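Please take a short guided tour of the structure shown below. Each stop names what to select and then says what is there.

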Amino acid sequence: MSELTFYTHPMSRGRVVRWMLEEVGIRYSVETMEFGPDMKSPEYLAINPMGKVPAIKHGNTIVTEVAAICAYLADQFPDNKLAPPQQSPERGAYYRWLFFMAGPFEMATSALAYGWRIDSSNAQAVGCGRVEDSINTLEQVLGRTPYICGDQFTAADVLVSSYLWWETMQKNIPPNEVFQDYIQRTESRPAAQRANKLDDALAEQMNVAMA
């Protein structure tokens, strides 16, 4: 098996990838990156020219972007069944919600967090449309099934749950029963708990705190 290196900071989206790595249950090494010059060093820019974490290097393959890393790991380690079969109807939903979270949902919640103006004058031109539509869309689907793609927990749930947890914790979106039940169901998984402990310990070691 090729060696996998995980580049992260414990108070970044790297927490999502850490959870995914714990779900697939493989051995990996960790390169902890500091915000600022460390992430902008020539050595790290060769890994990710954006100068951001997370990133992984798996053998000679480099993958950046949280949703892409989660999808890549699910496909590389299929025995964990973290992605629906290629030809199944659920595969379409799996792609849909991975890209929904990385696109419309993150844009909508960023708009809420930073006070960006999205209204009837520009909603049709931005990726998330009306902010409330992105949030309501997610609430509707999670109100019907235990996981985002139906009855099976997938890599898409790692992304959905992580983002929902963060946005409700930051009070960018109001908590509601559907979201809270879903977060509790997914975050109680052993892999999620292991990942949180590892990142919390790393944060303490680095003397950083949750924003």
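## First stop: Tyr182

Select Tyr182 and show its surroundings: apart from neighbours within four places in sequence, Tyr182 touches Leu142, Pro146, Tyr147, Ile148, Asp157, Val160, Ser161 and Leu164. The model on the screen is a predicted one. Tyr182 belongs to helix 7, which covers residues 177-187. Is Tyr182 buried or exposed? Its relative accessibility is 0%, so Tyr182 counts as buried.

## Helix 1 and the residue after it

Now select helix 1, residues 14-24. How many residues of helix 1 are buried? The count is 11 of the 11, so helix 1 is largely enclosed by the rest of the structure. Among these buried residues are Arg15, Arg18, Trp19, Glu22 and Glu23.

Move on to Gly25, just after helix 1, where phi is positive at about 70 degrees. To relate this stop to the previous one, draw a line between the C-alpha atoms of Gly25 and Tyr182: they are 23 Å apart in space, and the two residues are 157 apart in sequence.

## Aromatic rings

Next, colour the aromatic side chains. The structure holds 9 aromatic pairs. In one of them, Trp97 and Phe100, the ring centres are 5.1 Å apart and the planes stand at 80 degrees, so the pair is edge-to-face. Both residues are in helix 4, and because they are 3 residues apart there, about one helical turn separates Trp97 from Phe100. An α-helix has 3.6 residues a turn, so residues three or four places apart point the same way. Trp97 counts as buried at 3% relative accessibility, and Phe100 counts as buried at 13%.

Select Trp165 and Trp166 for a tilted pair, with 6.3 Å from centre to centre and 45 degrees between the planes. Trp165 is partly exposed, with a relative accessibility of 31%. Trp166 is also partly exposed, at 30%.

Then select Trp19, Tyr147 and Phe153, which ring pairs link into a cluster. Trp19 is one of the buried residues of helix 1, and Tyr147 is among the contacts of Tyr182. Add two arginines to this view. The charged end of Arg185 sits over the ring of Tyr147, at 6.0 Å from the ring centre. Over the ring of Phe153 sits the charged end of Arg189, at 3.6 Å from the ring centre.

## The two pockets

Switch to a surface view. Rolling a probe the size of a water molecule over the atoms shows where empty space is left.

The largest pocket has a volume of about 820 Å³. Which of its 30 lining residues are closest to its centre? They are Met11, Ser12, Arg13, Trp166 and Glu167. Helix 1, helix 4 (89-114), helix 6 (155-169) and helix 8 (190-206) each give two or more residues to the lining of the largest pocket. By class, that lining has 16 nonpolar, 8 polar and 6 charged residues.

For the last stop, go to the second largest pocket, with a volume of about 240 Å³. Select its lining: Arg13, Asn48, Met50, Lys52, Val53, Pro54, Glu65, Val66, Ala67, Ala102, Glu106 and Tyr163. At least two lining residues come from helix 3 (66-76), and at least two from helix 4. The lining of the second largest pocket divides into 7 nonpolar, 1 polar and 4 charged residues. Arg13 is a lining residue of the second largest pocket and is also listed among those closest to the centre of the largest one.

Conventions: Residues numbered from 1 in each chain as written. Heavy atoms only, no water. 1 Å grid on protein atoms, 1.4 Å probe; cavity = no way out; pocket = protein on both sides within 12 Å on 5 of 7 lines; lining within 4 Å. Points joined across faces, edges and corners; volume = space filled by probe spheres on them. Helix = DSSP H or I, 4+ residues; strand = E, 2+ residues; numbered from the N terminus. Nonpolar A, V, L, I, M, F, W, Y, C, P; charged D, E, K, R; others polar. Phe/Tyr/Trp six-rings, centres within 6.5 Å; stacked < 30°, edge-to-face > 60°. Buried < 20%, exposed > 50% of the residue type's maximum accessible area, 1.4 Å probe, protein only. Lys NZ or Arg CZ within 6 Å of the ring centre and 35° of its normal. Contact = heavy atoms within 4.5 Å.
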